[in-house]
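I am opening a fresh notebook page for this structure. My notes follow in the order I looked things up.

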Amino acid sequence: MSTARVSTRRIRPMVSKVPEITVWFWIVKLLTTAMGEATSDFLVLHLNKYLAVLLGAVAFGVAFWFQYRAKRYVPYIYWTFVTMVAVFGTMVADAIHIVLGVPYWASTSAFAIFLAAVFITWYRTERTLDIHSIVTRRRELFYWAAVLATFAMGTACGDMTATTLHLGYFASGILFIVLFGAPFLLKRWAGMNEIFAFWFSYVMTRPLGASFADWLGVEKAYGGLGFGRGAVALVTTLFIVVLVAYLTITSKDRPNESLVSNL
């Protein structure tokens, strides 16, 4: 699935608004998943749950507006929106289970189908799923639809392994470490498709980060270490702020701003 010609009409390209995929990308991404899980749980437990979801939706919408209006990749704008996706995506997945009573296996399956539909539509429309080719508004919308779907599906999947399958949070985290790392090895030693490997690992970041966030924050009676969701949310937020500031100053994850010539 390499970058290819798109359609019969020309679309005005723009500068890439997605960071270069480096080790820094994966570190910050994992931190946002942990922070989103802990923050969502803390807000829902300590505020009216409907108010918490409303605030999450508003923050999500505001962050999306700034990201969509940005002319190029800006670390603090991009990662703020990813963080809001993590918080709001967790709320949506949890609400489907807690409020509507949908089992985790069913919500995981539904979100997986939705994610597959996004990828199929994206590829049939643009002939590529390569995030380095996100240089049009339409591709950007496909990208963020996929990101939101991965967060919702990953949240439900992580909860399913920890509770429905009774693995617990720590064992679930170990499982998702293996699944997260496998594509890196398979790409290197077995020639796995690079784009498929990226998206598979990307999906796994959500249940991986959430599992360890729950393990650290949930009470000992429920299989956690009992540090508290608020503490986990605060610490992960501080790490995100420091790392995003570092990336802003050093530009270590700045994308190649050359335009895709075959649009």
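Is Leu51 buried, partly exposed or exposed? I looked up its relative accessibility and found 39%. Buried would need under 20% and exposed over 50%, so Leu51 counts as partly exposed. I keep in mind that this is a predicted model.

**Entry: the surface around Leu51**

I placed Leu51 in helix α2, which covers residues 49–69. Then I asked which nonpolar patch Leu51 belongs to. Its partners there are Leu47, Leu54, Leu55, Val58, Val62, Trp65 and Phe66. Together with Leu51 they form a nonpolar patch on the surface. I noted about 750 Å² of accessible area for the whole group.

**Entry: the record**

I checked the UniProt annotation next. The entry is unreviewed, and it marks "transmembrane region" at several places. I copied the spans: 21–38, 50–68, 75–96, 102–120, 141–161, 167–186, 198–218 and 230–249. Leu51 falls in the annotated span 50–68.

I took two of the spans back to the model. Residues 75–96 are 100% helix and 0% strand. Their end C-alpha atoms are 31 Å apart. Residues 141–161 also came out as 100% helix and 0% strand. There the end C-alpha atoms lie 30 Å apart.

**Entry: salt bridges**

How many salt bridges does the model hold? I counted seven. I followed three of them.

Lys17 pairs with Glu140, with the closest N and O atoms 2.9 Å apart. This pair links distant parts of the chain, 123 residues apart. Lys17 sits in the segment before α1 (23–46), and Glu140 sits in helix α5. Lys17 has a relative accessibility of 2%, so it counts as buried. Glu140 is buried because its relative accessible area is 2%.

Glu37 and Arg206 meet at 3.1 Å, N to O. Glu37 is in helix α1 and Arg206 in helix α7, 169 residues apart. Both are buried.

Arg229 forms a salt bridge with Asp41, and the closest N and O atoms are 3.7 Å apart. Here helix α8 is linked to helix α1, across 188 residues. I found both Arg229 and Asp41 buried. I also noted a network: salt bridges that share partners join Lys17, Arg137 and Glu140.

**Entry: the cavity**

I searched for cavities of 30 Å³ or more and the count came to one. Its volume is about 40 Å³. Which residues line the largest cavity? I listed Glu37, Thr155, Gly158, Asp159, Ala162, Tyr169, Ala210, Ser211 and Asp214. Two elements give two or more residues to this lining: α5 (137–164) and α7 (194–217). Helix α5 gives the most, with four residues. Glu37 turns up again here, in the lining as well as in the salt bridge with Arg206.

**Entry: positive phi**

Last, I looked at backbone angles. Arg127 has a phi near 65 degrees, a positive value in a residue other than glycine. I found Arg127 in the loop between α4 (104–126) and α5. Its relative accessibility is 37%, so Arg127 counts as partly exposed.

Ser251 is another such case, with phi near 60 degrees. I placed Ser251 in the segment after α8 (229–250). Ser251 is partly exposed because its relative accessible area is 26%.

Methods: Residues numbered from 1 in each chain as written. Predicted model: local features only at pLDDT ≥ 70, side-chain atom pairs only at ≥ 80, totals over all residues. Heavy atoms only, no water. Patch = residues over 30% accessible without salt bridge, like charges linked within 9 Å, V, L, I, M, F, W, Y side chains within 5 Å. Areas by Shrake-Rupley, 256 points an atom, 1.4 Å probe, with all protein chains shown as cover. Salt bridge = Lys/Arg side-chain N within 4 Å of Asp/Glu carboxyl O. Buried < 20%, exposed > 50% of the residue type's maximum accessible area, 1.4 Å probe, protein only. UniProt positions renumbered as here; feature names shortened; annotations may be inferred. 1 Å grid on protein atoms, 1.4 Å probe; cavity = no way out; pocket = protein on both sides within 12 Å on 5 of 7 lines; lining within 4 Å. Points joined across faces, edges and corners; volume = space filled by probe spheres on them.
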